[in-house]
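I sat down with this model today to see how its helices pack. These are my entries, in the order I looked things up.

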Amino acid sequence: MRRATPRIVPIAATCAVGLLIILFGSSMLVGSGDVPIAESWRYALGDAQARADAHLTMVMIDLRLPRTVVAIIAGACLGIAGCLLQSATRNPLAETGLLGVNAGAALCVVIGITILSIETAPAILAFAFFGALAASALIMLIAGSAQQLSPLRLVLAGVALSATFRGATSYILMSQPATYDRYRMWVLGSLSGVQFTQLVWVLPTVIAGIVIAALLTRPLGALSLGDDIASALGHNPRLVRIGAAASVTLLTGATVSMCGPIAFLGLLAPYLARAIGGPKLGGQLLLSGLGGAAIMVAADIAARVVLAPYEAPVSVLLAVIGGPLLILIVRTGRVLTLRAPGGAS
């Protein structure tokens, strides 16, 4: 892989921030409802008549602003979690659904919704995190060994359990059509109807997950060179992977509790960050977070307009767009020339 110039990461990060600002503004102006862009623009500029419109205020402040902010935070969480996962497993095609954390969190929330009739944001958050933690613990138990936590075992255990969790979720939902009809948008992965109250509950967890990710930058960089070298440098490969799994659990659990399981973003954002920013894990984490946020907001904007006046689940749109893109990436062969995240070039 080519060696990135020393200033490429700051330049790329600055460009990503600029793009994110443009997308933020676009998200506030565009919607699937009956509010014209011109009216939204007048409201954003502080027009007194527009600000006095109760319906317009509700659309701008209660609907578009929360979902845009949540899209930024959720996208950043999934981008960082995917980068960590790819580094910990030394698998550049890994993503946040690989360890079954997405599926485990979603299954637990669906159980709470269908059996215990939970509805409040704190309850959904609690069930999401319990499911994410249970999935991570189960995968660690299956993949672990007395000697080391094998990346291959992690991948295989994650894929198997993820399929099991998704099957159980589908069975529960299909056996209760009324509940499925009520919560199908959340299960598919959507930002529709998100509120700031949900963000308040998950924000401490998001911060904790990001802090853990930052602390793991150097150990994971050493781990990318091999378990033996990492051990010689004073790092415990098993503990490092457990720490990475904990961070992935926190970030993914927070995202699932807010907008349901979102796939593919945890694969695309780290790949782009690695291709642009080079092998340094610190730069990859930064660009993955910014890139994930930008991709999520862009996908949410498209989800609102592609079927207007109806709205498409953002996860479905990401899959439709991202699937062909992933095929293109694989066919170009570039993915085969990239080293695992965190490694040296």
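**Entry 1: α13 against α14**

I began with α13 and α14, which pack at an angle of about 130° with their axes 8 Å apart. The two helices are therefore oblique to each other, since 130° falls outside the 65 to 115 range that counts as roughly perpendicular and is not over 145. I noted the handedness too: α13 passes α14 in a right-handed crossing.

Next I listed who does the touching. From α13 I have Leu265, Leu268, Ala269, Pro270, Leu272, Ala273, Arg274 and Gly277. From α14 I have Gln284, Leu287, Ser288, Gly291, Gly292, Ile295 and Met296. Sorted by class, this contact has nine nonpolar residues, five polar and one charged.

I should write down that this is a predicted model, and that goes for every entry here.

**Entry 2: the two helices on their own**

How far does α13 reach from its first C-alpha to its last? I get 18 Å for its 13 residues, close to the 18 Å expected at 1.5 Å a residue. I checked burial as well, and α13 is mostly covered, with 11 of its 13 residues buried. Among the buried ones are Leu267, Tyr271 and Ala275. Arg274 is also on the buried list, and I had already met Arg274 in the contact with α14. Just after the helix comes Gly278, and its phi is positive, near 90°.

α14 runs over residues 281-305. Its 25 residues reach 36 Å from first C-alpha to last, close to the 36 Å expected. I count α14 as largely enclosed by the rest of the structure, because 19 of its 25 residues are buried.

**Entry 3: α4 joins in**

I then turned to α4, residues 54-89, and tried it against both helices. With α13, α4 packs at an angle of about 70°, with the axes 7 Å apart. α4 and α13 are therefore roughly perpendicular to each other. On the α4 side the contact uses Gly75, Leu78, Gly79, Gly82, Cys83 and Gln86. On the α13 side I found Leu265, Gly266, Leu267, Ala269, Pro270 and Arg274. The classes come out as six nonpolar, five polar and one charged.

Leu265, Ala269, Pro270 and Arg274 of α13 are in the contact with α4, and they turn up in the contact with α14 as well.

What angle do α4 and α14 make? I read about 140°, with the axes 7 Å apart. That makes α4 oblique to α14. Here, too, I have a right-handed crossing, α4 passing α14. The residues of this contact divide into 13 nonpolar, eight polar and four charged.

**Entry 4: two buried spots elsewhere**

I picked Ser247, which is found in α12, residues 237-259. Is Ser247 buried or exposed? It is buried, with a relative accessible area of 0%. Leaving out residues up to four places away in sequence, Ser247 touches Leu84, Gly209, Ile212 and Ala213. Leu84 falls within the residue range of α4, so I am back at the helix from the last entry.

Leu216 was my other pick, in the loop between α9 (196-215) and α10 (217-223). Despite being in a loop, Leu216 is buried, at 11% relative accessible area. Its partners, again not counting residues up to four places away, are Val240, Gly243, Ala244 and Leu281. Leu216 and Ala244 sit 28 residues apart in sequence and 7.2 Å apart in space, C-alpha to C-alpha.

**Entry 5: an odd backbone angle**

Which residue has a positive phi although it is not a glycine? I found Ser117, with a phi of about 60°. Ser117 lies in the loop between α5 (101-115) and α6 (121-143). I checked its surface too: Ser117 is exposed, with a relative accessible area of 52%, which is over the 50% cut-off.

**Entry 6: stepping back**

Last, I took the overall tallies. The protein has 16 helices and zero strands. Buried residues make up 53% of its 345 residues. I also looked at contacts between residues at least 6 apart in sequence, and 77% of them join residues at least 24 apart.

Notes
Residues numbered from 1 in each chain as written. Predicted model: local features only at pLDDT ≥ 70, side-chain atom pairs only at ≥ 80, totals over all residues. Heavy atoms only, no water. Axes fitted to C-alpha atoms, helices over the stretch in contact; angles between N-to-C directions. Helix = DSSP H or I, 4+ residues; strand = E, 2+ residues; numbered from the N terminus. Parallel < 35°, antiparallel > 145°, perpendicular 65-115°, else oblique. Left-handed = near helix turned anticlockwise from the far one by under 90°. Nonpolar A, V, L, I, M, F, W, Y, C, P; charged D, E, K, R; others polar. Contact = heavy atoms within 4.5 Å. Expected span 1.5 Å × (residues − 1). Buried < 20%, exposed > 50% of the residue type's maximum accessible area, 1.4 Å probe, protein only.
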